[in-house]
Every structure is written in C-alpha cells, then in structure tokens.
2 protein chains.
Amino acid sequence: MVLKSFVEVHPDSHFPIQNLPYGVFKPEPDSEPRPGVAIGDYVLDLSQIASAGLFDGPFLKSSDCFNQANLNKFVGLGRTAWKEARTTLQKLLSAEEPTLRDNASLRQKALVPMDKVQMLLPVAIGDYTDFFASKHHAKNCGLMFRGPENAINPNWFHIPIAYHGRASSIVISGTDIIRPRGQGHPAGNSQPYFGPSRKLDFELEMAAVVGPGNELGKPVDVNEAADHIFGLVLMNDWSARDIQAWEYVPLGPFLGKSFGTTVSPWIVTLDALETFASDAPEQALCPLIIFDCYICHLTWFFLEYNKSHVSIIPTGQEDASIVTKSNFKNLYWTITQQLAHHTINGCNLRPGDLLGTGTISGPEPESYGCLLELTWNGKNPLSLGSSTTRTFLEDGDEVIFTGCCKGDGYNVGFGKCTGKIVPSRP
Amino acid sequence: MVLKSFVEVHPDSHFPIQNLPYGVFKPEPDSEPRPGVAIGDYVLDLSQIASAGLFDGPFLKSSDCFNQANLNKFVGLGRTAWKEARTTLQKLLSAEEPTLRDNASLRQKALVPMDKVQMLLPVAIGDYTDFFASKHHAKNCGLMFRGPENAINPNWFHIPIAYHGRASSIVISGTDIIRPRGQGHPAGNSQPYFGPSRKLDFELEMAAVVGPGNELGKPVDVNEAADHIFGLVLMNDWSARDIQAWEYVPLGPFLGKSFGTTVSPWIVTLDALETFASDAPEQALCPLIIFDCYICHLTWFFLEYNKSHVSIIPTGQEDASIVTKSNFKNLYWTITQQLAHHTINGCNLRPGDLLGTGTISGPEPESYGCLLELTWNGKNPLSLGSSTTRTFLEDGDEVIFTGCCKGDGYNVGFGKCTGKIVPSRP
Ligand SMILES: [Ca+2]
Ligand SMILES: [Ca+2]
Ligand SMILES: [Mg+2]
Ligand SMILES: [Mg+2]
Ligand code: NI
C-alpha cells in the first residue's frame with residue numbers, strides 16, 4: 001500500500017510524502033530564513049519541528065542544523081542523519097500518526113501554504129562546477145563549431161570534462177535574468193561587436209548538491225561518491241553564445257556564463273530518488289583502459305524519469321510552449337563519476353557545493369537541451385505556438401524547466417526552475 | 001623626512017610604517033583568528049586596538065570589523081574606511097605619538113612577534129578568478145602548443161582572458177602542496193596515463209583582493225574599478241601541466257589547477273602602493289576600436305617594482321636558487337581593466353573575491369614566470385646551484401616567491417609566498 005500523508009496531496013503533485021525535498025524559505029517577508037520540506041501545497045517549517053522536540057533520533061536530537069539560514073550544516077552531517085530526518089518526517093506526516101496531525105496549534109505554526117512563502121537559495125554555494133556529460137550535447141556543439149571530423153574531442157571519452165563556474169551569480173528560481181552585455185564573436189575577420197548579447201540561451205541541466213566534503217589532498221572513491229551527494233536540483237545555465245564563442249579559447253567559458261545561473265528551490269534527496277535509479281549505460285570504454293581505475297565501475301545513478309521539459313512563455317503572451325523534452329538518463333557520465341573525477345587530484349569539496357551535469361541533450365532533435373542545438377545556432381528558428389518563432393531568447397521571454405519521476409501512484413518531482421529575461425541596463 | 005615608527009624596523013624589512021599590510025593571525029594556537037597589520041618583525045593585533053577604543057574616526061568607531069575571523073567586513077567598507085584606518089594606524093605607530101608607544105600594557109597585548117604567530121587566509125574567498133594578462137606568457141604558451149602562426153589567439157588583444165578558478169583549495173603560504181594525481185596527456189595517439197603528475201609547475205602571479213562588490217547586473221565602470229580593489233597579494237597558481245594539457249579543450253583548465261593555490265598572508269593595500277603606480281603601457285589597440293569603450297582608458301596601476309623573484313630550495317638541500325626575476329609591469333592588461341571586464345556582463349563581485357593576474361612573464365627568458373616557459377616544456381633543464389637541475393618540480397622542492405617595491409629609504413613589500421611539494425597520497 002502506498003504511504004499517505006495526513007496533508008492532502010493531489011495525485012499530480014511533485015511533493016507527496018515519498019519525496020520530501022528540502023529548501024529554505026521565509027514565511028513572512030521580514031522573518032528569518034529557515035529550512036523546510038515541501039509536502040503537497042505546504043511547506044513544513046523544520047525550525048518549528050525542531051523547536052517542538054520532534055527530531056528525537058540520536059543524530060538530530062541536539063543539533064541546531066534546522067535553526068540555520070541555509071542547509072549547509074544539515075547536508076554536511078551525512079547520510080545517517082539524512083535517513084534519520086527522512087524517517088522522522090515520514091512518520092510525522094503520515095496519515096496514521098496523530099502527533100502533528102492532531103496538534104492544531106503546532107500545525108498552524110509549522111505548515112505554511114507554499115504560495116505564501118518566499119523561497120531562497122537552499123545552500124550557501126562555496127564552489128560551483130559545471131560538467132559536460134551528455135554525449136549528444138558534446139557532439140552537437142562539436143559539429144557546429146569544429147565540423148564532423150573531430151566533433152567530440154578525444155579526451156571527452158576518458159574524463160568527465162568540466163569547468164569551474166561562478167558561484168556568486170547563482171540565483172533562485174523566479175529571479176529575473178538581466179541580459180548580459182559583452183563582446184560578441186566577430187563574423188570572419190571583422191572586429192568584435194559590443195552590446196547586449198544577441199544569442200541568449202538556456203541550458204537544461206540538473207545539479208548535485210554536495211553533502212559531506214573531503215579533505216584537500218584526499219580523493220573520494222567512486223564507490224563512495226554517492227554518500228557525498230545530498231540531492232539534486234534543476235538548473236538553468238543561462239548562456240550568451242556570442243560572448244562565449246569569442247572568449248572561450250583557450251581558457252574556457254567565462255562571461256558567457258557568469259551573469260546568472262538559476263536553480264530550483266527544492267533539493268530532491270538521493271534517498272527519495274533511489275527507487276528510480278538505474279545502472280549506468282554501457283560506456284564505450286573504460287576511461288583509462290586499465291583494470292580497477294579510479295573512475296570505471298558498475299556505477300549507478302541514472303534516473304529514469306519522464307515529463308522533464310522546457311517551455312517558453314514568449315514576451316507579451318500568456319501560454320507556454322514546450323520546446324524540448326529530455327531525460328536525465330541521456331547523460332553519459334554519472335554524477336558519481338563526476339564527483340570522483342573532481343576529487344582525484346585532491347581538490348576538496350565542501351558541503352553545499354554545486355555540481356552541474358551539463359546540458360542534458362538526448363539523441364533526437366526534440367530532446368536537445370538548449371536553443372543553440374534546437375535552432376542549430378540560429379539557422380532553424382523554432383516555432384512557439386502559431387505565430388511566434390525564436391532563434392535565441394528575447395527580452396520578456398520566460399523559460400520554465402520542470403522534471404519529475406513517475407512512481408506507482410505518486411511522483412517524485414523537482415517542481416519548477418524559471419526565469420524571465422529583462423533588458424540590459426544601459 | 002621619512003615617516004618612522006616607534007617599533008624599530010630594519011631598512012630591508014618589507015613592513016615599515018609606509019606599508020601596513022593587513023592579515024589574519026592567531027597569537028596562540030588555540031586563540032581566535034583576528035585581523036592584524038605587519039610592522040617590522042611584529043604583528044599589531046587590531047582587535048586589541050579596537051577594544052582599546054583607538055579607532056576613533058567616524059567610520060570605524062562603532063564598527064566590529066576588527067573583531068572578525070577574516071577581513072571581509074573591513075574590505076567591504078570601502079576606501080574611505082580604509083583611509084581612516086591607515087591614518088589612525090600610521091599616527092598610532094609613529095615615533096612621535098605616545099598613545100601606544102608609552103602604554104606598556106597595551107603594547108604587550110597588541111604587538112606580537114611575527115615569528116610566534118600563525119597566519120591564516122586573510123579573507124573568506126567566495127569566488128576566485130585567474131586572468132592571463134601577460135602577453136609574454138600568452139605568446140610562449142601559444143608558441144609551445146599551437147606554433148608560431150597563431151601563438152596569441154586573436155581575442156587576447158580585445159579582452160582580458162580569464163577562467164573561474166577553484167576557491168576551496170586556496171591555501172595560505174607555508175602549506176604543503178600534495179602532488180596531484182590524474183590523467184596525463186598521451187604522447188601522439190597513445191592512451192592517457194594515470195598517476196602522480198609528471199609536470200608539476202608553479203606560476204608567479206599576484207592577485208587583487210576585491211573590496212566593495214557590485215550588484216548582480218550592474219557593471220563597474222573602469223574608472224571606478226580601483227575603488228573596488230583593497231590590495232594585492234603574491235599568488236602561486238600551482239599547475240599540473242600534463243593534467244592541464246589533456247583536459248583543457250574545450251572548457252579550460254580544471255583539475256590541472258584545482259589541487260591548490262597559495263597566497264601570501266599580507267594584503268598590501270592600493271593606498272600603500274599608490275606611489276609606485278605608473279600609467280598603463282601603450283596597449284596595441286583600443287580593445288574595441290570604438291570611442292569611449294568600457295575597457296579602454298588612461299588606466300593606471302602598473303607597479304614599478306624590483307626584487308620580485310622566485311627561488312627553489314631543491315629537496316634535501318638548504319640553499320635557495322633564484323630561477324626567475326619578473327616585474328608586475330610586465331602585465332599588458334591592468335587590474336582595473338580586469339575588474340571592469342569581469343563585471344561588464346553584470347557578474348557580481350563580493351568582498352574578499354580574488355582576481356589573479358595570470359603568470360607574470362617578462363620579455364627575457366630570465367623573467368619567465370613558470371617552469372613550463374623556463375624549461376620550454378621540459379626540453380631545457382634549468383640549473384639550480386652547481387649539481388642540480390629541474391625540468392618540473394620534484395617531491396620535497398620548496399618554491400618561494402617574494403616581491404617588493406623600493407621606496408626612497410624604505411620598502412613596500414609583499415613578504416613571501418611559499419609551498420613545499422609532498423608526494424601524492426596512495
Ligand atoms: Ca552548462
Ligand atoms: Ca594562472
Ligand atoms: Mg550560468
Ligand atoms: Mg592553482
Ligand atoms: Ni576603447
């Protein structure tokens with residue numbers, strides 16, 4: 001029998017008792033930020049649950065991790081504490097359990113309607129890394145910019161390629177994105193132009209939130225990497241293609257990315273996603289062609305999920321048009337391989353660090369994860385509804401990501417990750 | 001007449017009353033970290049000076065910025081507060097001023113011998129960016145890896161090229177550097193190898209510490225950029241050339257850099273360096289060939305300084321050999337241009353962010369800023385003393401940076417930035 005909460009949850013909701021994703025919110029505009037979990041159309045205020053002494057397990061009983069303005073302390077505690085919190089919260093919210101269900105005054109304080117709260121970044125992000133883990137995305141970018149001979153660079157099959165991203169400009173879903181200005185790639189031998197980006201794009205990604213970190217100089221074993229991942233969010237790695245194309249040789253993307261990156265507010269835990277995990281797809285080769293290498297293993301953590309899609313509400317219109325449908329399992333490198341590779345040189349991760357997957361493009365054109373690929377660098381405009389087309393994003397366009405794993409009678413969903421483009425400041 | 005402090009300062013010292021660089025230290029192993037300034041062979045404990053009520057100017061009188069474990073709050077206050085602190089401290093330390101000079105009990109508490117203290121990272125670094133601002137370095141790297149035709153990529157003369165670096169692995173001078181492991185660039189068509197880096201290198205750099213930040217979406221004008229820079233440190237951007245060469249296409253350096261970056265403990269303020277500033281060298285062209293562009297101006301902040309050099313104490317030996325001598329004025333792009341460019345897309349900087357200049361190579365082979373250039377990628381071993389040579393760094397080697405501006409009868413120096421290589425962990 002499917003577990004049910006005493007809070008009524010619509011069958012289409014992303015947030016039934018099987019999910020219980022973590023976020024940080026303010027119940028009132030002037031209240032202190034605090035951690036919460038989503039349940040149906042409500043947010044359960046964990047600072048209230050903690051104050052009421054209801055986290056009574058050995059790990060959390062005397063912890064102040066839910067009286068914090070972010071989740072860093074909690075995610076740093078590790079899987080045993082996470083499991084204890086999940087067990088406590090599933091019991092507390094279940095239809096059979098009277099403790100919270102029948103305590104009107106606590107319910108009143110602790111269950112806040114989701115449409116009344118302000119969501120904030122769930123973690124303080126010390127470092128943000130973005131990978132490049134979809135082979136389809138890598139191939140399409142290579143075809144456009146380097147031609148068919150060496151579309152995918154030889155290193156790509158050996159290492160999960162990544163770059164360090166900008167942590168300061170990561171914003172929460174719903175934050176407007178100001179169109180960046182910069183130098184654009186000149187056509188042929190002409191001079192670069194300067195001004196508002198002419199090729200503003202989204203990138204459909206997910207990102208892992210790091211739990212316990214590792215000490216500088218001590219790599220994380222790939223078989224233990226999952227214990228260092230608290231959960232996943234949706235991520236839009238907004239990209240200015242003209243700025244990126246001009247600047248990226250030889251040191252990689254910089255200002256073409258650093259003007260803003262949007263994450264969804266709810267971190268869906270690996271514990272909630274576990275039932276949807278599948279084995280890794282067969283990778284073409286052991287990355288190092290050696291036995292027992294640091295990155296080759298019977299890895300896991302591919303999600304089979306449906307209903308992940310991107311839609312755009314064009315400026316001045318009301319209706320959203322779906323522009324792509326993709327799937328987390330379209331990644332070649334797993335998030336555990338990404339994390340193990342990230343630390344093999346001794347690099348230290350810290351709780352709350354963010355590891356983006358890279359654009360999640362699938363094999364078919366309808367599953368490409370960004371406008372660069374969907375319009376083939378602007379050559380093939382995309383139809384949005386009956387009379388609107390886009391090559392790249394226009395001011396006023398709103399981009400909406402969503403993603404969800406379908407369980408048997410319930411969803412484990414990620415909610416939404418949205419952002420609207422506003423004009424460059426003069 | 002040259003200003004003198006009541007604390008005796010040797011004429012060769014980097015830290016006379018004209019300098020007064022800021023750091024964070026612990027007087028005893030179990031004491032709380034606190035801000036200090038260097039004066040001769042002493043550290044002046046600013047938490048003690050603040051507690052004694054001696055910061056009595058309007059900006060600092062009621063601030064707790066010197067009762068913090070890092071300098072982020074102080075550097076975020078901006079130039080007016082920095083000038084006030086400098087005026088207060090120069091007066092307090094001057095030979096003529098009795099307040100501190102004649103107060104034995106305060107002197108006892110506030111002046112700590114430098115060789116007794118532990119220095120810590122002076123700021124919490126939210127984001128770290130590394131530029132590529134020496135033309136000589138860019139040219140040499142291009143010659144080695146791309147050949148003479150297009151040694152310097154065309155974008156280089158238009159934009160200060162940079163990449164986001166890893167903030168978590170920035171360490172204070174004196175911290176051992178563990179040799180990174182990773183995949184190395186295969187020769188020809190062979191497979192990549194895996195193991196401890198075979199081409200471990202230093203990079204002689206300086207780095208700007210950001211003062212007040214900017215709001216996301218609001219670029220900093222290049223003519224106001226200096227007000228956003230608190231000061232400079234020496235920086236060693238340790239680099240594993242074999243890892244870097246294999247991974248950097250197309251997204252830039254990642255694990256070849258992220259295993260450790262060392263900074264010197266004392267932030268030398270722009271206010272102390274101002275007298276050594278010169279105009280920018282004539283840049284070959286306005287980066288955008290347009291009037292009044294965002295980055296072209298009568299920029300300043302090239303330092304004329306001498307005695308900047310790198311030495312290596314080879315493993316098992318006692319004497320250091322100088323391997324290169326360079327100069328900050330060998331940079332093509334100024335730090336104010338770097339900062340303005342960094343924000344032109346709206347990217348937000350925060351107090352304490354670090355902007356590395358990139359390797360400071362000069363035109364002559366003796367002024368190249370890293371072993372990659374000095375040994376031409378290992379082809380020409382370098383002599384260290386009579387019987388020792390190096391292509392790249394060996395376990396046990398200690399690398400020492402120093403840098404100093406020579407004033408009239410005094411120095412404004414940066415102290416040292418050191419690190420010793422220790423073997424990879426198995
Ligand atoms: Ca991306
Ligand atoms: Ca560098
Ligand atoms: Mg981005
Ligand atoms: Mg480094
Ligand atoms: Ni100009």
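**Exercise 1. Determine through which surfaces the two copies meet.**

Solution. Step 1: the coordinates are a predicted model, in which local features need pLDDT of at least 70, side-chain atom pairs count only at pLDDT 80 or more, and totals for chains, interfaces and linings use all residues. Step 2: take contact as heavy atoms within 4.5 Å. Step 3: 100% of the interface residues of chain A are also interface residues in chain B, so the copies meet through the same surface.

**Exercise 2. Identify the operation that superposes chain A on chain B.**

Solution. Step 1: superpose the copies by least squares on the C-alpha atoms of residues with pLDDT of at least 70 in both. Step 2: the result is a rotation of 180° with 0.0 Å of shift along its axis, at an RMSD of 0.0 Å. Step 3: this is the relation of a two-fold axis. Step 4: among the residues of chain A, Gly252(A) comes closest to the rotation axis, its C-alpha lying at 2.0 Å.

**Exercise 3. Describe the coordination of the magnesium ion (ligand 4).**

Solution. Step 1: count as donors the N, O and S atoms within 2.8 Å of the metal (3.2 Å for Na, K and Ca); water is not among the atoms, so sites may look incomplete. Step 2: Asp237(B) (OD), Lys257(B) (O) and Thr261(B) (OG1) coordinate the ion at 2.4 to 2.7 Å. Step 3: along the chain, the donors follow the spacing D-x19-K-x3-T. Step 4: Asp237(B), in the loop between strands S14 (229-236) and S15 (239-240) of chain B, and Thr261(B), in strand S16 (residues 261-263) of chain B, are 24 residues apart; strands are DSSP runs (E, at least two residues), numbered from the N terminus. Step 5: both Asp237(B) and Thr261(B) are buried, that is, under 20% relative accessible area, with exposed over 50% and partly exposed in between (1.4 Å probe, protein chains only).

**Exercise 4. Characterise the salt bridge between Arg425(A) and Glu215(B).**

Solution. Step 1: a salt bridge requires a side-chain nitrogen of Lys or Arg within 4 Å of a carboxyl oxygen of Asp or Glu. Step 2: the side chains of Arg425(A) and Glu215(B) meet at 3.8 Å, N to O. Step 3: the pair crosses between chains, from the segment after strand S26 (411-422) of chain A to the loop between strands S13 (204-210) and S14 of chain B. Step 4: Arg425(A) is partly exposed at 30% relative accessibility, and Glu215(B) is partly exposed at 47%.

Numbering: residues are numbered from 1 along each chain as its sequence is written, chains are lettered from A and ligands numbered from 1 in the order in which they are written, and side-chain values use heavy atoms, with hydrogens and water left out.

Methods: Helix = DSSP H or I, 4+ residues; strand = E, 2+ residues; numbered from the N terminus.
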